[in-house]
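Please look over the model below before reading on, taking the chains one at a time and then together.

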Amino acid sequence: MTTSAKNQYQAGDPRQIVRWARRYAQSRTISFLVQWVFIVVMVMGIGLAASLTQAAHQEGKTATFALSVIFMFLAALALVWFSVSRWSGELVFSITNWLYGREGYVSYSGNHPDKSLPLWLTGLGGGLLAYHLLGALLISFNYMHIKYMQPWSAAYMTPYLILMVVYQRLGFWAWLWPVLYGLHAIALMLGLPIRFGWELELFNIIAPIFTYGLIAILIGHAYSRYALWKLKSLTQTTIPEYDEAAPDGDQEEERAETPTNG
Amino acid sequence: MDDLDRTIHEPARLRILTLLSGVDEADFSFLLNTVGLTKGNLSSHMDKLEKAGYVTIVKTFNGRIPHTDFRLTPEGRSALEKYWEELDAIRAMHDARE
């Protein structure tokens with residue numbers, strides 16, 4: 001394929017436009033920022049509910065225990081609804097278009113132009129939720145220490161997000177989140193001094209999600225600025241306009257189609 | 001040079017097609033912003049590319065605001081690939097002569 005972005009072309013070859021158009025489309029991270037904010041809020045909601053459930057269970061407060069379990073499931077349902085509903089998709093699309101207004105819309109999804117995820121990957125998304133709920137319940141009933149919450153989460157989240165990145169053909173920035181999240185889990189298990197104290201135990205899962213997600217998204221956004229600059233520059237320099245003194249393509253074409261007299 | 005597809009050989013249309021070959025779809029604002037044409041010129045080139053069967057135009061509305069997306073067709077993709085192959089061959093011949 002001559003226009004493949006994988007081909008190496010010399011500097012000044014217009015086919016480099018293909019690669020940079022793709023890199024730009026892959027690095028538009030504002031939509032991820034919007035989704036990320038929602039995910040962080042939901043994770044905090046589930047985490048808070050898990051803490052309440054644990055406290056209520058230990059203190060034998062049945063009503064609070066029941067309410068916090070209901071809240072935990074409602075937060076989980078809201079997360080599922082946000083992930084699959086058309087309304088949330090349109091909301092993210094509108095916010096993204098508003099923020100990228102002057103740049104316009106462009107998309108790249110590799111070999112999956114319909115943009116819908118296959119059933120098995122959607123299923124893994126549901127599994128992610130069930131897995132975290134299971135973790136929250138194990139902690140609530142003291143079957144697992146809360147210090148293992150982040151490594152427990154990373155054991156599923158890291159491979160799941162890597163699959164999503166590969167499937168959706170996202171840019172290099174998207175690898176940062178799952179890789180840093182996985183490395184953080186390893187660091188916690190090795191006992192490196194990066195752990196929040198027991199009174200801020202929830203931050204051991206919230207801070208990595210928040211921080212690494214933000215780092216990845218901001219790096220992606222910064223890279224998209226560079227990619228757009230590079231794309232504009234390549235588009236306008238590697239394929240120059242015709243010299244004004246020379247006939248342009250259309251005029252030449254029209255002349256060729258016009259019969260001459262004599 | 002006679003073998004080159006004249007629809008593609010025009011610089012603005014070559015820019016548009018090369019850009020579209022790297023992505024799934026792009027809208028009017030993106031092409032306007034990147035290719036550096038006036039709205040009228042861009043519309044005119046897109047009409048020519050659509051008539052040639054090289055792009056598809058999808059017009060929708062976001063509320064009351066019209067939105068136009070463009071996609072490269074399989075015919076457009078193969079015509080562009082053929083164009084680059086022919087241009088490479090011409091360049092190679094030119095280099096050999098020198």
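The paragraphs that follow begin with chain A and then turn to the place where chains A and B touch.

The model is a predicted one, and what is said here should be read with that in mind. Chain A contains nine helices and one strand, and in sequence order these elements run α-α-α-α-β-α-α-α-α-α, so placed that the strand comes after four helices and before five more. Of the 262 residues in chain A, 27% are buried. Turning to contacts within chain A between residues at least 6 apart in sequence, one finds that 73% of them join residues at least 24 apart.

The strand of chain A leads on to the partner chain, since strand 1 of chain A, residues 106–107, pairs with strand 1 of chain B in the antiparallel sense over two bridges. Within this pairing, Val106(A) has Ala26(B), in strand 1 of chain B, as its bridge partner.

Taken as a whole, the contact between the chains involves 32 residues of chain A and 26 residues of chain B. On the side of chain B that touches chain A, at least two residues each are supplied by helix 1 (6–9), helix 2 (11–21), strand 1 (25–27), helix 3 (28–36) and helix 5 (74–97) of chain B. Helix 3 of chain B provides the largest share of that side, with seven residues. Sorted by class, the side of chain B that touches chain A is made up of 10 nonpolar residues, eight polar residues and eight charged residues.

Conventions: Residues are numbered from 1 along each chain as its sequence is written. Chains are lettered from A and ligands numbered from 1 in the order in which they are written. This is a predicted model: local features need pLDDT of at least 70, side-chain atom pairs count only at pLDDT 80 or more; totals for chains, interfaces and linings use all residues. Two residues are in contact if their C-beta atoms, placed from the backbone, lie within 7 Å. Ala, Val, Leu, Ile, Met, Phe, Trp, Tyr, Cys and Pro count as nonpolar, Asp, Glu, Lys and Arg as charged, and the others, Gly among them, as polar. Two strands pair if DSSP finds at least two bridges between them. A residue is buried if 20 or more other C-beta atoms lie within 10 Å of its own, exposed if 12 or fewer, and partly exposed in between; C-beta atoms are placed from the backbone.
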